[in-house]
Amino acid sequence: MSTQLRALLIGMLGPALQAAGVAWDLLEHGVFARSEVGHLTLEHVVSGPAHLMMATGLALSVICIPIALQVATASPEELARPDDITSDEEVAGELQAVPK
Amino acid sequence: MLAIEVRDLLEATGRLPMHGGTTGGALPGHPFFGAIFLFVGSLMVVELLAGGVWSRAYWRRMLWPGALLLAGVGMLIVSYVQPDTKSLHLTLATLLLLGGYVEGQYRIGKISRASADAFAIPALIVGGFVIGPMHANGAVLYSAAANTHLLVGVVGWILAGVKLMRVHFGPTIALEYSFASGVMMLGLSLLLVQQFHGAH
């Protein structure tokens, strides 16, 4: 995976979660439970799953956008994982190399 | 024809007990645990994408064990506040706290991944039973709350399966991504519990 794609995925993960939270909330209040809109409680505002998903996405963006910038400027050597994880291509190669 | 079926489906979904439960004034626990696992699962995906850049900061490496310890402390508070099913919540709290300790030991290099997994795999299986079939209060197949609880349990078992595959096949990128996105799925399933349940 290219460095730029990695950086893009890291940077977009938080906003994507926020978008999913907004869609969930719109679906809930606009389609499934329209009658609840007039009876919202503080408990619902604080603990509503869609709201928490948006908050999670926001927190994720705060942490991840600086990491995305670091990844975008990193060399391929710096992006290698410190512990040695075998890539799937290597595993596939080993399986093919096993004599029948 | 199709429009009528879609309308029926929307009406049937609208009749599900969304936020139907009550906690007697106390804030519910499921969504906050869901948010914690969704957050940490997302960060585990970022950790895999960022590679060595992630390890530049020590605190980032300790996020996963730290989140498990935080969830364990939260579960202890739930078992203190919640009048019923104390034993189930205490079991989950014990598993989360021990899991956080073991993962922390692995991250600081005191034990191997195999030793950490020797605890994690049984803990995920037991945790799946506790939060799934044992905690699913309601008639399975007829209660959305019971079904969503079962979903959380099944996700726990899937995570145990991913860990078992890691033991069998060795560490691969695909399995690491599967585990990280599985933790995100665990968080999402806990948020769904709140959507259809509302209580604790």
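**Exercise 1. Find what share of the contacts in chain B of this predicted model, between residues at least 6 apart in sequence, join residues at least 24 apart.**

*Solution.* Take the contacts in chain B between residues at least 6 apart in sequence; 72% of them join residues at least 24 apart. Next, look at the elements that chain B has to offer: eight helices and zero strands. Finally, add burial: of the 200 residues in chain B, 44% are buried.

**Exercise 2. Work out how α2(B) and α4(B) are oriented to each other, and describe the residues of their contact.**

*Solution.* Start with the geometry: the axes of α2(B) and α4(B) lie 10 Å apart, and the helices pack at an angle of about 175°. Angles over 145 degrees count as roughly antiparallel, and therefore α2(B) and α4(B) are roughly antiparallel to each other. Now turn to the residues. From α2(B) come B:Phe32, B:Phe33, B:Ile36, B:Val40, B:Leu43 and B:Met44, which meet B:Leu63, B:Trp64, B:Ala67, B:Leu70, B:Ala71 and B:Gly74 of α4(B). Sorted by type, the contact has eleven nonpolar residues, one polar and no charged.

**Exercise 3. Do the same for α7(B) and α8(B).**

*Solution.* Helix α7 of chain B spans residues 144–169, and helix α8 of chain B spans residues 173–196. Their axes come within 9 Å and cross at roughly 170°. That makes α7(B) roughly antiparallel to α8(B). The residues of this contact divide into 17 nonpolar, six polar and one charged.

**Exercise 4. Identify the helix that gives the most residues to the largest nonpolar core, and follow one of the core's residues outward.**

*Solution.* The largest nonpolar core holds 66 residues, and A:Ile10, B:Val40 and B:Val46 have the most contacts inside it. Both chains take part: α1 and α3 of chain A each supply at least two residues, as do α2, α4, α5, α6, α7 and α8 of chain B. The top contributor is α2(B), with 13 residues. To go outward, pick B:Val40: leaving aside residues up to four places away in sequence, B:Val40 touches B:Leu63, B:Trp64, B:Ala67 and B:Val183.

**Exercise 5. Decide where in chain B the predictor is more and less confident.**

*Solution.* Begin with the whole chain: the mean pLDDT of chain B is 81, and 81% of its residues reach 70 or more. Then rank the elements: α2(B) has the highest mean pLDDT (91), while helix α1 (residues 2–14) of chain B has the lowest (59). Over residues 20–26 of chain B the pLDDT is below 50, and this stretch has ten contacts in the model beyond near neighbours in sequence. For the complex, the predictor gives an ipTM of 0.79 and a pTM of 0.80.

Notes:
Residues numbered from 1 in each chain as written. Chains lettered and ligands numbered in written order. Predicted model: local features only at pLDDT ≥ 70, side-chain atom pairs only at ≥ 80, totals over all residues. Axes fitted to C-alpha atoms, helices over the stretch in contact; angles between N-to-C directions. Helix = DSSP H or I, 4+ residues; strand = E, 2+ residues; numbered from the N terminus. Parallel < 35°, antiparallel > 145°, perpendicular 65-115°, else oblique. Nonpolar A, V, L, I, M, F, W, Y, C, P; charged D, E, K, R; others polar. Core = buried A, V, L, I, M, F, W, Y, C linked by C-beta atoms within 7 Å. Buried ≥ 20, exposed ≤ 12 C-beta atoms within 10 Å, placed from the backbone. Contact = placed C-beta atoms within 7 Å. pLDDT = per-residue confidence, 0-100.
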